[in-house]
Amino acid sequence: MDNAIKRRTAMQQPHYNKDLDVRQIGPEDLARARLVAGRAFMEHAEDWYGEDETTLAGFDGEGTMVCVLGYQPESLWWGEAQIPAGAIGGVATDPKHKRRGHAGGLMVQAIHILRERGCCVSPLWPFSYRWYGKFGWACPAPRLELKVWPDLVRQATATVGEVRRATADDASAVHRLHTEGAQLRNGQSVRSEAFWQKEDIRRELWVLERDGGGVDCSALMLIGDLGRGQGKRITVRELHGASFADQLKFVRSVADMDGVAVLNLDLPPDSLLLGAFPERFNASVEFDLALRVLDVGQALAHLKPPENLQATVSFEVADWVVNADKPLAVTVQAEGGQVQVSEKADKDALCCDINTFTQLFAGGLSVAQARAMGRLTGGNPAVGASCDALLHGRVPYRSDVEAG
Ligand SMILES: CC(C)(COP(=O)(O)OP(=O)(O)OC[C@H]1O[C@@H](n2cnc3c(N)ncnc32)[C@H](O)[C@@H]1OP(=O)(O)O)[C@@H](O)C(=O)NCCC(=O)NCCS
């Protein structure tokens, strides 16, 4: 590994409480955990954290619970592959015990515990990229926020249909639409059909009727009142389905709903809706997702590359949490739609830190881009091309409905 990167990774080891006792807590400790979270977030946290095995708490030298987090075990779509993941949320330190490295110690232990439990990646919604970045998380891609005016949408296409609230009978159609769209990208959770029957989800779920029966497109939408008789604000939090034509028809039909004055769309950054409207509109990119590969070898082993891809790539990944002494050496070989992973690297390995590896693995960063930013060394043009062919291209995306 290149000396500059070695120096940088050595410096990246942050200040944190190495002696924190981190363990999974049971029902007897939940009340204290919720009190810690309530104080930290200044919110009611009485129903936070699960009674199952997904709450981890940190105890200081006196045996006092000082910090806590919860995680949701789930699998994420990576194209057609499913990657086992743990979405971390509710990271909290009791304000009385802040800035003593407790949350840092909790994150480090959580990485080890989640790895032991088979989680290969971990998404979360960070309060600070800098802080989580110290422990290996990175932003895989931004989210696109479009603010369009209903009048403008009406000019985009003449095709209008009927958008109505979803019923229990729509669950399997919505499930199919969501899965089709999710398999085009990386990072969305694999959901069951039962997910669409949950009360809080059903409340926001709308569908576009297909002529002659069925559903063409669906979305999770928030509908609010602008006040003073100005009409409604509709926020599309998630738009399902793989077809651009159906998505445009859905948005067009929403613009025709009664009293809509403002229409906001939260979308993947590669959404074709960005090019759908004839006039100016507001578009912004929001950086609010963080991701970490917890287990480099296992994450690569879960990929499902195209049948015709033949590629071999070696990596040397500096991940001080997993191995503080030396970079992780991994070689991945893709052939006939299968991947083989071995724990060694050849002399042309791509060398980077875990944050950069996570961004490469997530598909949003190419080898040339990482190199241009001074975050990757080693390899050669053929290895770079193989890495991009294996990992780059499918856009990472999670809507704000996702856990974390
Ligand atoms: C965010 C939060 C969890 C951090 O908890 P914490 O236990 O204070 O975190 P740490 O002590 O590990 O890290 C905080 C800082 O203390 C510093 N620190 C670490 N060990 C230290 C020590 N022994 N003495 C002094 N400072 C120390 C860290 O370097 C870090 O500095 P930085 O902010 O400049 O990076 C806590 O502030 C909190 O609960 N906030 C409200 C809820 C929230 O926003 N949660 C996150 C949701 S994603």
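These exercises deal with the ligand and the pocket around it. The model is predicted: local features need pLDDT of at least 70, side-chain atom pairs count only at pLDDT 80 or more, and totals for chains, interfaces and linings use all residues. Residues are numbered from 1 along each chain as its sequence is written, and side-chain values use heavy atoms, with hydrogens and water left out.

**Exercise 1.** Find which residues come nearest to the ligand, and list polar contacts to the backbone.

Solution. Step one: a residue is near the ligand if one of its heavy atoms lies within 4 Å of it. The ligand has 19 residues around it, and Val91, Thr93, Arg99, Gly101 and Lys134 come nearest.

Step two: a polar contact is a pair of N or O atoms within 3.5 Å. A polar backbone atom of Val91 is 2.8 Å from a nitrogen atom of the ligand. For Arg99, a polar backbone atom is 2.7 Å from an oxygen atom of the ligand. An oxygen atom of the ligand also lies 3.2 Å from a backbone N or O atom of Arg100.

**Exercise 2.** State the class make-up of the shell around the ligand.

Solution. Ala, Val, Leu, Ile, Met, Phe, Trp, Tyr, Cys and Pro count as nonpolar, Asp, Glu, Lys and Arg as charged, and the others, Gly among them, as polar. The shell holds nine nonpolar, five polar and five charged residues.

**Exercise 3.** Describe the lining of the largest pocket by class and by its main contributor.

Solution. Lining residues have an atom within 4 Å of a point of the pocket. By class, 16 are nonpolar, ten polar and six charged. Strand S4 (a DSSP run of E, at least two residues) gives the most to this lining, with six residues.

Definitions and conventions: A polar contact is a pair of N or O atoms within 3.5 Å; within protein, one must be able to donate a hydrogen and the other to accept it, and residues adjacent in sequence count only if both atoms are side-chain atoms. Helices (H or I, at least four residues) and strands (E, at least two) are DSSP runs, numbered from the N terminus.
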